[in-house]
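Subject: Structure handover, with notes on what was found

Dear colleague,

I am passing on the structure below, and I would be glad if you could keep it open beside these notes while you read. The notes go from strands to cores, salt bridges, the pocket and the backbone.

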Amino acid sequence: MLQTRFKGSLVNQRGHIWTAEILQDNPTPYATVAPLTFDADEPITIEWPDTQKYEPIAGATATLNIISPADRTYIDMYQVQPGHVMLRLSLDGKPYWQGTLDCETYEEPYQAAAGYTVTLTFTDFGCLDRLKFNALGRHSVKWYITHCMQAAGLDTTALTLHTTLQHTRIVTLTDGTTTLGNWAKATLDEAYIDAANFYDEDGTPATLHDVLHDVMQPLALRIIQRAGKVAVYDTNAMLQNPPATAPITWDADEQTLSVDTLAQEATIKFSPYGTGELITTDTATIKTDLLTQSEKIYNSLFNPYGKDLEGWGSTFTFHHSPANNAATGITNKHPQAQYFALTSDRSKDADGAQGIARLALTNPLPRTHISLDVDYKPDNGHGDPTKDYCTDPTVEKRYEGKYANPTGVESGAGLHGVLLEPLFTMPRVWCPAATYNQPYYSLQERALQLQLTMELLIDTRYNPFNTADPPDIWNEKGATQWADVRKAAVLIPYMLRLYNEQEQNTYTLTAAGWKEAILNPTPSTYLAYYSNEWASDRNKPATSGWTKNKYSLGLYPSFKQQNTPEYEPIPLPPEPGYLELQILTGAAVYDDADIPDSGRTDYYPNSNTYRLIDMNQPDPANLRAHSVGCYSYFINYAQRWILYKFPTLTIVRNSATNHDPKPDDAEYKAWVNPQAKDNISIDTTCGTMLSDMETARGAYRTADGQKIYLRRTNTATNPDDLRIEYDLLGLIFSQYATRHTILEGEAITPTAPLTLFTERAQPATARFITMGETLNAITGTSTLKVVELTPETWTANILKS
C-alpha cells in the first residue's frame, strides 16, 4: 500500500501553492513524513512532449529537483518495481497531476555528502511500457482505459469523456428485414475487444502501453492527464463542443510561428490477430509433480523384462492421482476418474501422454487363468461357481445387458443405457457466430466450422503400446483378438453448450444442430472412433492404442467411407458466446454385426445391437479384475485401459485448399495532398470487423459479440461504408491536407484540463489545441506549442480503392 514518505510545498511567483507528495509502497505508514526542500531554479516541471493529432497517448513526465539532506537519501527508491513510488502534485490544494517513479535511471553528485540537488523523474503513462497485460475475456474500450489507468496508479483520478463517437448495430424489423438501428452517443462501454488479441502466438502478452494505444487509435481517441483529470477526447469534439475556450496569454517577448507538416497520402493497416484455436493442447495441463502414484508397465504379462528380446517391445510408467489440484484448466472431473501422465522407457506412443484415466488395470496378476491354447477363462472362484460367465445369457443381462438399436427412437433420445455423467469439463472459450442461417448448416454452406478432436485409448492389452502377436503372446492375445473383432466402432458421448455474457446456457448442440437450451437435455452428440480400413478388413478394431475420432454421420458411423477426416465437424453456433465442452461417461461399442445390412449374423441373431462400456455399471462378481475377454458378450469387462487425452476444439475454414481461419489484413488508403512529400502510415491491431473476420480478436464487437458500427464524422448510410478507419483517414485529410499554423512561446499556464485556444493576431475563426507543453511550477508559465485545428470535413472521394 502506498504511504506518504516525503512532502513539501512552494509558493510560485504568481502566489499559487504547489505541493509535492512522494508516496512509497509500504505495509504500514511511515513513522515520520520527511520534508522536501526544493531547488531554487526549476523545482517542479511537467512536460507533455509533442504529439500528432492522430496519436492516442499524450503522456507527461514530471521532474522534481530537490535538495538531499544527507548522503544518498533518495537512492533506495530506485530499487523497487515500477509503480511502487508515486508523486502527487496539487495546485492550491486541488489535485493536479500524479505519476510513478521512473526506476530505470538514477544519478546524483558523488563528491558531496549533503546539500546537493537530486533529480527525480515521474511519468503518468510511462510505466505502462514496463507492465505486461494479464487479463482474459472480452472487455469494452472503456474497461481497457480504466484498467491501464489503474495499473499506472491513476485510478483515483477522475475520467472525463469528450468525443463525437457514435455507435449502432443491425436490427431486425417486424417483417423480418434488417436495417441499421438508430445512432447513439458512445460512452466507450459499447465496443468490445477480445483480450486474447494482446497475446502473441507464443502466449507472450503485450505491454499495457501497447494495449491502451491500440484500442484507442482506430477510434481517433486521445488521452491526457492534466489539472486533476484524465481526459479522453477526439479533435472533432474539441471543435464542436470544447470543454473550455480561452485566449493564449503570452508571457514573454518572443514567440514563433511555423506550419504543421503535410501528407501526400495516408494508410491504415488493420492486422487482425485471428486464430481458430479455442481449446488447445495447452488449455489443460497436468502437474506431474502432484501425480503421487505410479506403476511400471512392462512388455507383457510373463515376459516383463523382454528377456532374450533386447531392444524389442515397449515399457512405460503410468503416473496418476485422483486429486483435483493435479491439473489446471479442468473445471470439473468425475470423482472416480484420475489424472494421468505417461513416461516411457521404450515406447514413443506413451511418452508425454496426459489426460483423464477412467480405467487402468495395471496389475497383471489377477488375469492369469490361461490355458496352453492361450484362451482366457473366467475366474469362477470370484463369482457364482454355478455360472458360466462366458456363455450364460442371464449373466450377460445382469452385468452388461444387450440394448436394441436406437434407430427409430425420438430425436435427441440418445443411446439408451449409457450412464451419461460428466467425466470432465473444459473451460469455456469464446466463439463467434455462424454467418449462415440454415437449421443444420450443411457442410457446403459453412464458411467456418468447428473441429473437435480427442484421442482415446480403450484397450484390452496389459501393455497397450506393445503387440499381442507372437513372439509376445502373453500380452492378452486372446482377449485382444476377441475384442478387436467386436470393436468395429466406439461412440463417446459429449455435450457442447453455448453460454452468453450473463453465463446463461442459450444453445446446446444436438444431433440435429444447435437448439435452444432446455433443462436437463439428453445428449445426442458422440465422438466416433472406427477404422478407415474396416471395409477391407473387418477385424480392424475401432481403437487400438491412441486413436483419434473420425467424422460421424450420427449414431451409425459411415464405416465404408475411406480416408474420413480425424475430427468431428461441428457448425458454428447461431450466436456468439462462450462454448463449454463436456466429455461424458460411458461408451457404446458396435460390433461389425451391428451395422445395418452388413450380412453378419454369426455373433448375434439380432444384428442391430450394440454393447456398452460403462464403468458405472455394477460388477459384484469383480469380473473386470478377474475375468478376461473370453468368447462372451463381456466387452464391458474385457478392457484394461480407458484413457482420454484432453480434447482440442478449433475453428477451421471449410475450404479444400485453405483451412486456416486467420483473417487477411485490411488496408485502407486515402489521398491527402498529392503535392506533399511524406506519407502517414498507421498499423493497428484493432479495427472494424469485416465479413471474413469472424475469428479476428481485435475486431470491435458489441457486448454480445455482434458486429458494431462506429462513426465520428462519416455520413455514409450503406453499412459496408461504415468503417471507423475511414473516420481516422478523414481526420488526417482534414488536418494534414493544407497548411495549419503552429504557435510556440511562453504563456501563462492554462488552468483547464482541456482548452481550445484563440489568439488575438490570428483570424477570429482560428482555433488551436495543445501540441506540446512544458509547465514550470515556479514561474507559473508554460512553454506552449499549439497547432491549428480545422473542422473534419471529408467525402468518400478521398478514399483510394
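A residue is called buried here if its relative accessible area is under 20%, exposed if that area is over 50%, and partly exposed in between. Please keep in mind throughout that this is a predicted model.

By that rule, strand β6, which spans residues 61–67, is mostly covered, since 5 of its 7 residues are buried. Strand β6 has pairing partners in β4 and in β9: with β4 the pairing is antiparallel and runs over 4 bridges, while 7 bridges join β6 to strand β9 (residues 117–123), again in the antiparallel sense. Leu64 of β6 takes part in both pairings, as the bridge partner of Ile44 and, towards β9, as the partner of Leu120.

Turning to the cores, nonpolar side chains in soluble globular proteins tend to be buried together. In this model the largest nonpolar core has 49 residues, and those with the most contacts inside it are Phe424, Leu450, Ile492, Leu496, Leu579, Ile583 and Tyr644. The element that gives the most to this core is strand β35 (residues 489–499), with 5 residues. There is also a second, separate core of 43 residues, which includes Tyr78, Val85, Met238 and Met771.

The charged contacts come next, and the count of salt bridges comes to 14. Three of them are described here one by one.

In one of these, the side chains of Asp50 and Lys785 meet at 2.8 Å, taken from N to O. The pair links distant parts of the chain, with Asp50 in the loop between β4 (44–48) and β5 (57–58) and Lys785 in strand β52 (residues 781–789), 735 residues apart. Asp50 counts as partly exposed because its relative accessibility is 43%, whereas Lys785, at 17%, counts as buried.

Another salt bridge joins the side chains of Glu501 and Arg138, with an N to O distance of 2.4 Å. Glu501 lies in the loop between β35 and β36 (505–510) and Arg138 in strand β10 (residues 138–140), so this pair ties together parts that are 363 residues apart in sequence. Glu501 is partly exposed, with a relative accessible area of 31%, while Arg138 is buried at 6%.

A further salt bridge is formed by the side chains of Glu580 and Arg428, at 3.1 Å from N to O. Because Glu580 lies in strand β41 (residues 577–584) and Arg428 in the loop between β31 (422–425) and β32 (429–431), the pair ties together parts that are 152 residues apart in sequence. Here Glu580 is the buried partner, with a relative accessible area of 10%, and Arg428 counts as partly exposed at 35% relative accessibility. Apart from these pairs, Asp234, Arg712 and Glu792 are joined into one network by salt bridges that share partners.

If you are looking at open space in the model, the largest pocket has a volume of about 920 Å³. Its lining is made up of 31 residues, of which Ala196, Thr275, Glu277, Leu278 and Arg697 lie nearest the centre of the pocket. The elements that give two or more residues to this lining are β22 (277–279) and β32. By residue class, the lining of the largest pocket divides into 12 nonpolar, 7 polar and 12 charged residues.

Two points on the backbone remain, and both may be of interest when you check the torsion angles. Asp92 has a phi near 55°, which is a positive value in a residue other than glycine, and Asp92 lies in the loop between β7 (85–91) and β8 (94–101). With a relative accessible area of 40%, Asp92 is partly exposed. Glu503 likewise has a positive phi, of about 65°, although it is not a glycine, and its place is in the loop between β35 and β36, the loop that also holds Glu501. Glu503 is exposed, because its relative accessible area is 60%.

With best regards

Methods
Residues are numbered from 1 along each chain as its sequence is written. This is a predicted model: local features need pLDDT of at least 70, side-chain atom pairs count only at pLDDT 80 or more; totals for chains, interfaces and linings use all residues. Side-chain values use heavy atoms; hydrogens and water are left out. A nonpolar core is a set of buried Ala, Val, Leu, Ile, Met, Phe, Trp, Tyr and Cys residues joined through side-chain atoms within 4.5 Å. Buried means under 20% relative accessible area, exposed over 50%, partly exposed in between (1.4 Å probe, protein chains only). A salt bridge is a side-chain nitrogen of Lys or Arg within 4 Å of a carboxyl oxygen of Asp or Glu. On a 1 Å grid over the protein atoms alone, a cavity is a set of points where a 1.4 Å probe fits but cannot get out, and a pocket is an open set with protein on both sides within 12 Å along at least five of seven lines; lining residues have an atom within 4 Å of a point. Grid points are joined across faces, edges and corners, and a volume is the space filled by probe spheres set on the points. Ala, Val, Leu, Ile, Met, Phe, Trp, Tyr, Cys and Pro count as nonpolar, Asp, Glu, Lys and Arg as charged, and the others, Gly among them, as polar. Two strands pair if DSSP finds at least two bridges between them.
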